[in-house]
Amino acid sequence: MKKGLKTLLAIALVAGSITTGAVPGAEVATAAAATSSSAKVFGYSDPAAGRTYIPIRVLSTFAGANINATGDASKIEIVKGKQKIVLQTGKKKAQVNGKKVKIDAAPFAYDGVTYVPLGFAAQHLGLTVKWHESTSSMRITSGGQSMDLPIIARGSLTDKPVTYRQQVFYSGGAAFRANIVTVQLMHPRVSLDAAFAHNQAGTVQNLKWIASENYAYAAINATYFDAYSSAIYRAPYGYLVSKGNMKFVNGGSNLTVFAYDHNHMTRMIPGLQFGQAFAAGQVEGAVQAGPLLVQNGVVAVNAPREGFRDPAILRGQAARSAIGITRNHELIMVTLPKASMPQLARVMKQAGAYQAMNLDGGASSGLYMNGKYITKPGRPVSNALLVKVRK
């Protein structure tokens, strides 16, 4: 890390601590922040039909409806209070309190889960729904409680949840060859984690070994750290959360935080707002670096606003690492051999990122997948964002 950024974060480090530190704005974290669920819950969109579907378990576990079994496995009986609805997979017809009605989208079953049209369910079960553009999610409210449901395109999940490609992008007349690992976050076999070298803050280790020791399929270097210190303790900078547990606390900077919840829905959060997100149960894992590159599909680099003063960040060109989120809830992990922050931001947008942020770069820049380096870091690193794939 260059001297300018070290100066920026020196005060933050004084406030930082390992595990025992308090997160500003999050004196008591909700139970949801520390609870992980193996089964992801998400909805499907059908762009051609303009319809959204939600899993029926949302109606039973969140909306307070009872799902009753019938003799016909294709039939779905939903009861909430005095309201009784009967649907049938593959059929655009239903019964509401014994009265036949037509619906414009048929329920369907996929991978053992039944999905019903959101609009129909909302109308007849008293749900309030609102689309959240920044997270590509539907906020569903019932009885004063709300949940954010990730929505992905129907048919987009494949049997290869993690893929690699190399692609050339152009910005300002210059060509940039990017290494890109794409991860389907809603895939049932995929999970994320954040880890320190040797599972201990203040140490460094080869990125490949951090990935291997944590059984990760893919990995990218994450937060800044004191790379040029001669001290034994190599101070990390920024929040790091793993499995709902705060591993390192940095309460003094506004650098962007990449966070994901127990359902692997992601957010990019200004550092000074992170405590609120943690307290709200929106953080199962997180890494902090910055600056923000793309916001809601628009190039949004403003490093000084986040507190950066280092010329290498503001104007320099160097090897870069970055992560982005697509509108279809895919994580893209990217390395470039040389780029400025504005150039990196334009590359991330062209690569499909709807939200994107920079990670530690220079000699720390590294990308690993399936047992080998795609981009080999020039030095051991402090920590990494990991992708695990269950067999």
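Arg-139 and Asp-148 form a salt bridge, with their closest N and O atoms 2.7 Å apart. A salt bridge here is a side-chain nitrogen of Lys or Arg within 4 Å of a carboxyl oxygen of Asp or Glu. This is a predicted model, so local features need pLDDT of at least 70 and side-chain atom pairs count only at pLDDT 80 or more, while totals for chains, interfaces and linings use all residues. Residues are numbered from 1 along each chain as its sequence is written, and side-chain values use heavy atoms, leaving out hydrogens and water.

**Salt bridges**

- Arg-139 and Asp-148 don't stand alone: they are linked with Asp-261 and Arg-267 in a network of salt bridges.
- Arg-139 is partly exposed, with a relative accessible area of 29%. The labels work like this: buried is under 20% relative accessible area, exposed is over 50%, and partly exposed is in between (1.4 Å probe, protein chains only).
- The count of salt bridges comes to 8.
- Another of them joins the side chains of Arg-51 and Asp-104, at 2.7 Å from N to O. That pair links distant parts of the chain, with Arg-51 in strand β3 and Asp-104 in the loop between β8 (99-102) and β9, 53 residues apart.
- Arg-51 is partly exposed at 30% relative accessibility, and Asp-104 is partly exposed too, at 47%.
- Lys-84 and Glu-77 also meet through their side chains, at 3.5 Å from N to O. Here Lys-84 is partly exposed at 40%, whereas Glu-77 is buried at 17%.

**The seven-stranded sheet**

- An open sheet of 7 strands runs in the order β9-β10-β3-β2-β13-β12-β11, with mixed pairing. β9 (108-110) and β11 (128-132) stand at the edges with a single partner strand each, so one side of each has no neighbour in the sheet.
- From one strand to the next, the twist averages 30°.
- For the naming, helices (H or I, at least four residues) and strands (E, at least two) are DSSP runs numbered from the N terminus, and two strands pair if DSSP finds at least two bridges between them.
- β2 (residues 43-46) and β13 (residues 145-153) pair in the parallel sense over 3 bridges. Gly-43 sits opposite Ile-151 in β13.
- Helix α3 (residues 118-125) lies across β3 (51-55), β10 (113-117), β11 and β12 (137-142), running at about 70° to β10. Axes are lines fitted to C-alpha atoms, for helices over the stretch in contact, and angles run from 0 to 180 degrees between N-to-C directions.

**Hairpins around β7**

- Which side chains of β7 (residues 93-96) are buried? Ala-94 and Val-96 are, pointing to one face, while Lys-93 and Gln-95 point to the other and are not.
- β6 (residues 83-88) and β7 pair in the antiparallel sense over 3 bridges, with Leu-87 opposite Ala-94. They form a hairpin with 4 residues between them, and Gly-90 in the turn has a positive phi of about 80°.
- β7 and β8 are antiparallel as well, over 4 bridges, and Ala-94 stands opposite Val-101 in β8. Their hairpin has 2 residues between the strands, and Asn-97 takes a positive phi near 55°.

**Aromatic pairs**

- A search of the whole structure turns up 11 aromatic pairs. Rings of Phe, Tyr and Trp (its six-membered ring) pair if their centres lie within 6.5 Å; planes under 30 degrees apart count as stacked, over 60 as edge-to-face and the rest as tilted.
- Tyr-53 and Phe-108 make an edge-to-face pair, 5.0 Å centre to centre with 75° between the planes. Tyr-53 lies in β3 and Phe-108 in β9, so the pair ties together parts 55 residues apart in sequence.
- Tyr-53 is buried at 4%, and Phe-108 is buried at 10%.
- Both rings belong to one aromatic cluster with Phe-42, Tyr-44, Tyr-110 and Tyr-115.

**Nonpolar cores**

- The largest nonpolar core has 64 residues, and those touching the most other members include Phe-258, Leu-331 and Met-348. Such a core is a set of buried Ala, Val, Leu, Ile, Met, Phe, Trp, Tyr and Cys residues joined through side-chain atoms within 4.5 Å.
- Strand β26 (residues 330-339) gives the most to this core, with 6 residues.
- A second, separate core of 27 residues includes Phe-62, Leu-87, Ala-122 and Ile-140.

Terms used:
Contact = heavy atoms within 4.5 Å.
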